[in-house]
Amino acid sequence: MKTYHVVAAIIQQSDRILATQRGYGDYKDGWEFPGGKIEPGELPEEALVREIREELATTVTVERHVIDVSWDYPQFHLEMSCFLCTITGGAPRLLEHEAAKWLGADDIDSVDWLPADIGVVEAIKAQHIV
């Protein structure tokens, strides 16, 4: 089974985090934290800044590591490192996603999170990020 090493951004603004809805692929319409694959020679934090710029036309600062998630999807294995981030330039624009929502503690469970992202949501709750 192929393994993908990816990074995901938990973009925080006040007491809310940004969730994005996939616009393509096998998991289209599922909700996730934005991010993507780590390129050869990139540090995870560098990959995350690049991916958020490519997906949301936004600049982020990576604040700290939150959780690593390992998940077996039917077609591949995912190794995902998730980092708390803040926006330092530009408002998010959806270049690859169908939709986005800012979610707080009261509505973080209101979207249909992709399976690997559910563990991230639990870590966010446990660490009182929102």
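User: Why is Arg50 called buried?

Analyst: Arg50 lies in helix H1, one of the DSSP runs (H or I, at least four residues for a helix; E, at least two for a strand) numbered from the N terminus. Its relative accessible area is 13%. Buried means under 20%, exposed over 50%, partly exposed in between, with a 1.4 Å probe and protein chains only. Arg50 at 13% is under 20%, so it counts as buried.

User: What does this rest on?

Analyst: This is a predicted model, where local features need pLDDT of at least 70, side-chain atom pairs count only at pLDDT 80 or more, and totals for chains, interfaces and linings use all residues. Residues are numbered from 1 along each chain as its sequence is written, and side-chain values use heavy atoms, with hydrogens and water left out.

User: Which residues is Arg50 in contact with?

Analyst: Lys37, Glu39 and Glu42, leaving aside neighbours within four places in sequence. Contact means heavy atoms within 4.5 Å.

User: What makes E2 mostly covered?

Analyst: Of the 7 residues of E2, 6 are buried.

User: How do you know which strands E2 pairs with?

Analyst: Two strands pair if DSSP finds at least two bridges between them. E1 and E2 have 2 bridges, in the antiparallel sense. E2 and E3 (residues 31-32) also have 2, again antiparallel. E2 and E7 (residues 97-103) have 6 and run antiparallel. Each pair therefore meets the rule of at least two bridges.

User: Which bridge partners does Ile17 have?

Analyst: Ile17 in E2 is the partner of Gln12. In E7, its partner is Leu103. For E3, Gln21 is partnered by Trp31.

User: What marks the hairpin of E1 and E2?

Analyst: It has 2 residues between the strands, and Ser14 takes a positive phi near 55°.

User: What joins E5 to E6?

Analyst: A hairpin of 4 residues, and 12 bridges between antiparallel strands. One of the partner pairs is Thr61 with Thr86.

User: What makes a set of residues a nonpolar core?

Analyst: Its members are buried Ala, Val, Leu, Ile, Met, Phe, Trp, Tyr and Cys residues, joined through side-chain atoms within 4.5 Å. The largest such core here has 26 residues. Ile10, Ile17, Phe33, Met80, Trp113 and Val120 have the most contacts inside it. E1, E2 (16-22), E5, E6 and H2 each give two or more residues to this core. H2 gives the most, with 5. Apart from it lies another core of 11 residues, among them Val7, Leu18, Leu48 and Phe83.

User: Which residues does Phe33 touch?

Analyst: Beyond four places in sequence, they include Ala8, Ile10, Ile17, Trp113, Val120 and Ile124. Asp117 and Thr20 are also among them.

User: Why is the open space called a pocket?

Analyst: A pocket is an open set of points on a 1 Å grid over the protein atoms alone, with protein on both sides within 12 Å along at least five of seven lines; in a cavity, a 1.4 Å probe fits but cannot get out. The largest pocket has a volume of about 530 Å³, which is the space filled by probe spheres set on points joined across faces, edges and corners.

User: What lines the largest pocket?

Analyst: It has 26 lining residues, with Val6, Arg22, Glu32, Phe76 and Leu78 nearest its centre. Lining residues have an atom within 4 Å of a point. E1 gives the most, with 4 residues. E4 (35-37), H1 (44-56) and H2 (115-126) are among the elements that supply at least two.
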